[in-house]
Amino acid sequence: HGDMSKRTAPLFLLCALAASAVAEDVFNTTFEVVLSPGNYGKVVIEVHPEWAPIGAARFKKLVEDEFFTAARFFRVVPGFVVQWGISGSPEVAAKWEKMNLPDEPVIQGNTKGTIAFAKSGPNTRTTQMFINFNDNTNLDVMGFPAFGIVVEGMEVVEAIYS
């Protein structure tokens, strides 16, 4: 059976936002990811509001509100995506649960390392998002606009397991 402590789902411990005062500017967010007890990695996401302004603004607000603190990756589909975006705090999760975003066009496709919000139908994006492990252009025609890309730490993202 092995060491069960290594089976815990990774989580975001903290993130830092480096952005200018103008919301439309490209900005970077750094996440510290716990892969297993004592095994940490850094992931830097570069957010491009021109790709998906509504999604980028929501992501920035979630970071500013410390939404991702202790949020776990809850879905890993090898060769496809890793998904997260449910707050570790039930109160915080409840606050965002019904705050759906309107859909927006796909300007930047779902290529390896890009990040996009998950959805369950039209206008249902809230806080859950995923990072693409590969080029998943089939998601483009399904209306999943990428709003950022991993610019550092893709090897950390690829080391995440369910």
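**Strand pairs and salt bridges**

Reader: Why are β6 and β8 called a pair?
Author: Strand β6 (residues 114–117) and β8 share three bridges, in the antiparallel sense. Pairing requires that DSSP find at least two bridges between two strands, so β6 and β8 pair. A116 stands opposite A146 in β8. Strands are DSSP runs of E, at least two residues; helices are runs of H or I, at least four; both are numbered from the N terminus. The model is predicted: local features need pLDDT of at least 70, side-chain atom pairs pLDDT 80 or more, while totals for chains, interfaces and linings use all residues. Residues count from 1 along each chain as its sequence is written, and side-chain values use heavy atoms, without hydrogens or water.

Reader: What makes β3 and β8 a pair?
Author: Four bridges join β3 (residues 39–47) to β8 (residues 146–152), so the requirement is met. The strands run antiparallel. E46 has I149 as its bridge partner in β8.

Reader: How do you know that K95 and D65 form a salt bridge?
Author: Their closest N and O atoms are 3.4 Å apart. A salt bridge needs a Lys or Arg side-chain nitrogen within 4 Å of an Asp or Glu carboxyl oxygen, so K95 and D65 qualify. K95 lies in helix α2 (residues 90–96), 30 residues from D65.

Reader: Why is K95 called partly exposed?
Author: Its relative accessible area is 49%. Buried means under 20%, exposed over 50%, partly exposed in between (1.4 Å probe, protein chains only), so K95 is partly exposed. D65, at 29%, is also partly exposed.

Reader: Are E104 and R125 buried or exposed?
Author: Both are buried. Their side chains meet in a salt bridge at 3.0 Å, N to O.
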